[in-house]
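User: Please take a close look at one part of this structure, namely its nonpolar core and the helices and rings around it. I would welcome one connected account.

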Amino acid sequence: MTRREVREQLFILLFQKEFYGGEPFEEQREIYFLTQELEEKDRTYISEKLDKIVEKQAEIDSMISEHSIGWKIDRIGKEELAILRLAVYEAVFDDNIPVGVAVNEAVELGKKYGEEGGAAFINGILGNIVNE
């Protein structure tokens, strides 16, 4: 599985977590993995990275809130929020991912899954965060 494919899987899981908020996330994750044909190593990698993102979610959300001037986090679209959480984690906390790659990949996910103008919104917030 390529890094882009892994990133897309992570985005989908983060989106599901946000969308189904009240349901236990472990159950959501297991159901998702049952529907995907993933090699065990890819599933393990995705699960471990997902756990790291969720562990840092409060800190990541704080950064997003601080840099999304005029937007409260609960007003950000669920797609864009999931993409931002993934990208902030990669740009700030994952030393294996260059910042530019994290931002570019987030913008591409925004073009594919976000609302109209979502990619520019994502790029703007990430630019504020990484340029700090």
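Analyst: The account below begins with confidence, proceeds to the core and ends with the aromatic rings.

The model is a predicted one. The mean pLDDT of the protein is 93, and 98% of its residues reach 70 or more. Among the elements, confidence is highest in H5, at a mean of 97, and lowest in H2, at 89.

The largest nonpolar core has 33 residues. Within this core, Ile64, Leu84, Leu86, Val88 and Leu126 have the most contacts. Two or more residues each are given by helices H1 (3-19), H2 (25-35), H3 (40-55), H4 (57-67), H5 (78-93), H6 (99-113) and H7 (118-130). Helix H5 supplies the largest share, with 8 residues.

Ile64 shows how such contacts are arranged. Beyond its neighbours within four places in sequence, Ile64 is in contact with Ile73, Ile76, Leu81, Leu84, Arg85, Val88 and Ile129. Two of these partners, Leu84 and Val88, are also among the core residues with the most contacts.

Helix H3 offers a second view of the packing. Its buried residues are Asp42, Ile46, Ser47, Lys49, Leu50 and Ile53, and these pack against H1, H2, H4 and H5. The length of H3 can also be checked: at 1.5 Å a residue, its 16 residues should span 22 Å, and the end C-alpha atoms are 22 Å apart, so the two values agree.

The aromatic rings complete the picture. The whole structure contains 7 aromatic pairs. In one of them, the ring centres of Phe11 and Phe15 are 6.2 Å apart and the planes stand at 35 degrees, so the pair is tilted. An angle under 30 degrees would have counted as stacked, and one over 60 as edge-to-face. Phe11 and Phe15 are 4 residues apart in helix H1, and are therefore separated by about one helical turn. In general, an α-helix has 3.6 residues a turn, so residues three or four places apart point the same way. The accessibility of each ring residue is given separately: Phe11 counts as buried because its relative accessibility is 3%, whereas Phe15, at 22%, counts as partly exposed. The cut-off for a buried residue is under 20%. Phe11 and Phe15 belong to one aromatic cluster with Phe19, Tyr20 and Tyr113.

Charged side chains also meet rings in this model. Lys17 lies over the face of Phe25, at 5.9 Å from the ring centre. The charged end of Arg75 sits over the ring of Trp71, 4.7 Å from its centre.

Terms used:
Residues numbered from 1 in each chain as written. Predicted model: local features only at pLDDT ≥ 70, side-chain atom pairs only at ≥ 80, totals over all residues. Heavy atoms only, no water. Core = buried A, V, L, I, M, F, W, Y, C linked by side-chain atoms within 4.5 Å. Buried < 20%, exposed > 50% of the residue type's maximum accessible area, 1.4 Å probe, protein only. Contact = heavy atoms within 4.5 Å. Expected span 1.5 Å × (residues − 1). pLDDT = per-residue confidence, 0-100. Phe/Tyr/Trp six-rings, centres within 6.5 Å; stacked < 30°, edge-to-face > 60°. Lys NZ or Arg CZ within 6 Å of the ring centre and 35° of its normal.
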